[in-house]
Amino acid sequence: MAKDLYDLGEAPPLGEVPRKMHAWTVRAERFGPPEQAFQVETVDVPELKDDEVLLYVMAAGVNYNNVWASLGIPVNVIAARQKQGEPEDFHVGGSDAAGIVYKVGKDVTWPQVGDEVVIHCGHWDRNCPVVRSGEDPMYSPTFRTWGFETNYGGFAQFAKVQAHQCLPKPKHLTWEASASYLLVAATAYRMLRRWDEHGVKKDDVVLVWGGAGGLGSMAIQICRAVGAVPIAVVSGEDKIEYCKSLGAKGCINRKEFDHWGMLPHWKDNVGYGKWLKGARAFGAKIWDVLGEKKAPRLIFEHPGETTIPTSLFVCDTGGMVVICAGTTGYNATVDLRYLWMRQKRVQGSHFANDEQAQGANDLVLKGLVDPCLSRAFSFDELPLAHQLMYENKHPHGNMAILIGATEFGTGATAADPHLADHLPLPEGDTHEDNGVRVTPQAMPQLGLDSQPFEGTEEPAIPSDGTRVRDLMHVGLISAKPDSTVQEAAMMMLRSGIHAVVVVENEQAVGILTQTDMVLARQGRAKDEARQVKVRDAMTPECMTCDADTPLSDAIATMTTHRADRIVVTEKKGGRDVPTGILSMTDVIRKAIAEDA
Ligand SMILES: NC(=O)c1ccc[n+]([C@@H]2O[C@H](COP(=O)([O-])OP(=O)(O)OC[C@H]3O[C@@H](n4cnc5c(N)ncnc54)[C@H](OP(=O)(O)O)[C@@H]3O)[C@@H](O)[C@H]2O)c1
């Protein structure tokens with residue numbers, strides 16, 4: 001007679017599904033660091049839809065997804081699902097898994113009960129018009145990351161997946177290695193192979209950021225498999241041999257350069273020149289590594305804000321920068337001149353569809369891509385694995401957790417093809433460097449139910465009721481567009497102010513700040529700089545706001561434009577007439593410093 005619940009590691013007879021299972025769950029009342037949020041509970045084994053499969057999980061992979069799920073930010077995944085009509089008040093995460101099929105829905109032709117499979121985390125509704133039309137299901141509004149945005153992921157004895165998510169388990173790999181790679185491998189595969197004319201091909205030079213990381217290690221191997229020439233960027237000499245053993249032609253240590261970050265202003269000849277020197281030196285290093293003067297046709301991007309300007313600069317004419325994340329920040333700055341004149345492409349990419357997941361898995365099946373498993377954990381250590389990730393103390397490479405498998409190193413049933421032999425990751429290499437967080441992990445950008453054009457209301461942000469008129473300086477000190485920068489500078493010095501409003505026909509047409517003046521001086525002789533006309537140095541189309549605007553809105557306008565001040569207007573005779581100025585100094589002094 002079938003049991004209601006099996007002990008962990010006691011596999012039920014093949015095809016026999018108990019009513020209950022052991023699962024690592026997260027609940028809203030425990031949201032917080034993983035060691036607080038995850039607890040083992042006994043929950044019902046889920047029912048299947050006709051296109052679904054029940055997997056007896058042997059091992060599951062570890063990803064940042066479930067660190068965010070445990071914290072409950074930026075979305076409460078449980079509440080989001082309940083809003084969509086799902087009854088469960090708990091989350092069973094896990095977006096990578098390997099195991100044995102125990103039951104299939106009536107429409108499922110493959111896999112069948114007893115098949116050993118790995119799971120990719122692309123989940124969508126087969127009845128969605130986008131999916132039915134044959135369009136890429138990654139464009140479907142029903143796309144969800146399984147085990148993060150859906151329930152019943154890999155962190156329980158049984159997982160519920162859609163049949164199309166299943167792929168054959170590589171016979172030469174252990175359960176834990178099988179569970180560790182598909183999320184990153186499929187993401188890297190789509191980035192490198194999906195984008196038509198920019199799909200990676202033989203002899204293409206590809207620059208791979210974070211070559212020793214989860215995505216980077218997959219990207220290097222995928223490039224090698226097609227005969228391309230990957231060059232890896234790393235942050236330490238100790239990772240160079242490792243990346244080379246994966247197939248990198250050579251490596252660049254990013255610590256040798258210091259031009260990272262957003263682009264300096266294009267008017268800043270000196271700052272821009274300094275940045276350009278750094279970017280050129282980085283490009284020259286690529287040539288060094290290659291042994292020829294060839295630019296990368298593809299740039300494999302995920303650090304984001306700090307590296308995008310360089311990525312775009314070093315990308316070959318007609319090449320592509322493909323981006324799946326903004327780990328260091330989301331505000332990417334682009335020098336459009338290089339983009340259009342050299343006809344480069346910036347392409348966003350997110351996870352993968354079935355075809356790409358299969359493409360990635362095929363390379364693993366053939367032994368051409370190794371999972372790069374860095375550390376495996378026991379079932380009881382699941383919170384620890386996520387806690388290490390939360391604290392950035394986890395090793396590079398991919399991690400996995402035993403679920404149904406009782407011992408490490410089991411599950412391999414065939415000889416290793418040995419095609420992708422490589423060195424182990426450098427000893428002791430974690431995401432933390434002497435206590436310093438080296439990968440400021442960005443949160444996933446979107447909430448579960450975010451549809452870009454749905455809902456017109458702004459998120460509710462509390463305001464303290466302060467208006468611009470409460471802090472502004474009343475009265476304007478202004479300059480004419482045809483005055484010289486020298487004349488404007490004298491006016492500023494005499495009045496002890498940091499900017500003048502440029503007025504023409506009683507309208508504010510620009511603002512000349514100290515920064516604008518410094519920019520006018522950059523790269524010019526002193527006398528030449530003095531004679532620059534205000535209209536050529538000012539920041540045009542000056543930002544204005546009404547005196548009755550909430551202070552928080554005015555601050556948002558200033559920070560969006562990286563401006564330190566905004567011209568305040570008031571309605572007079574049907575026109576917006578400039579009557580004062582609001583500066584960041586006022587905001588700091590009056591709104592923060594005086595309150596403290
Ligand atoms: N959209 C998707 O479908 C998708 C899928 C998977 C992952 N992701 C995202 O992609 C990002 C990378 O994932 P991963 O698994 O590869 O993470 P990972 O294993 O932590 O590797 C990231 C690598 O980036 C490098 N790095 C860190 N800070 C950097 C900086 N300031 N400049 C340049 N490189 C830097 C590090 O290598 P060095 O220190 O050696 O340079 C690190 O090894 C994460 O944000 C992840 O959430 C997105």
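Here are three short exercises on this predicted model, each with a worked solution.

Residues are numbered from 1 along each chain as its sequence is written. Because the model is predicted, local features need pLDDT of at least 70 and side-chain atom pairs count only at pLDDT 80 or more, while totals for chains, interfaces and linings use all residues.

**Exercise 1.** Work out whether helix H6 is largely enclosed or not.

Solution. Start by finding H6 at residues 182-193; helices are DSSP runs of H or I with at least four residues, and strands are runs of E with at least two, numbered from the N terminus. Next, check burial: a residue is buried if 20 or more other C-beta atoms, placed from the backbone, lie within 10 Å of its own. Eleven of the twelve residues of H6 are buried, so the helix is largely enclosed by the rest of the structure. Among them are Leu 182, Tyr 189 and Arg 190.

**Exercise 2.** Find which strands pair with E5.

Solution. Two strands pair if DSSP finds at least two bridges between them. E4 (residues 97-104) joins E5 in the antiparallel sense over four bridges, with Ala 98 partnered by Val 118. E9 (residues 166-168) also pairs antiparallel with E5, over three bridges, and Val 117 has Pro 168 as its bridge partner.

**Exercise 3.** Say where the ligand lies relative to domains 1 and 2.

Solution. First, look at the shell: 31 residues surround the ligand, each with its backbone-placed C-beta atom within 6 Å of it. Then use the domains, whose bounds come from an automatic or database assignment. Domain 1 (20-180 + 368-437) and domain 2 (195-348) both give residues to this shell, so the ligand lies between them.

Note on methods:
Expected span 1.5 Å × (residues − 1).
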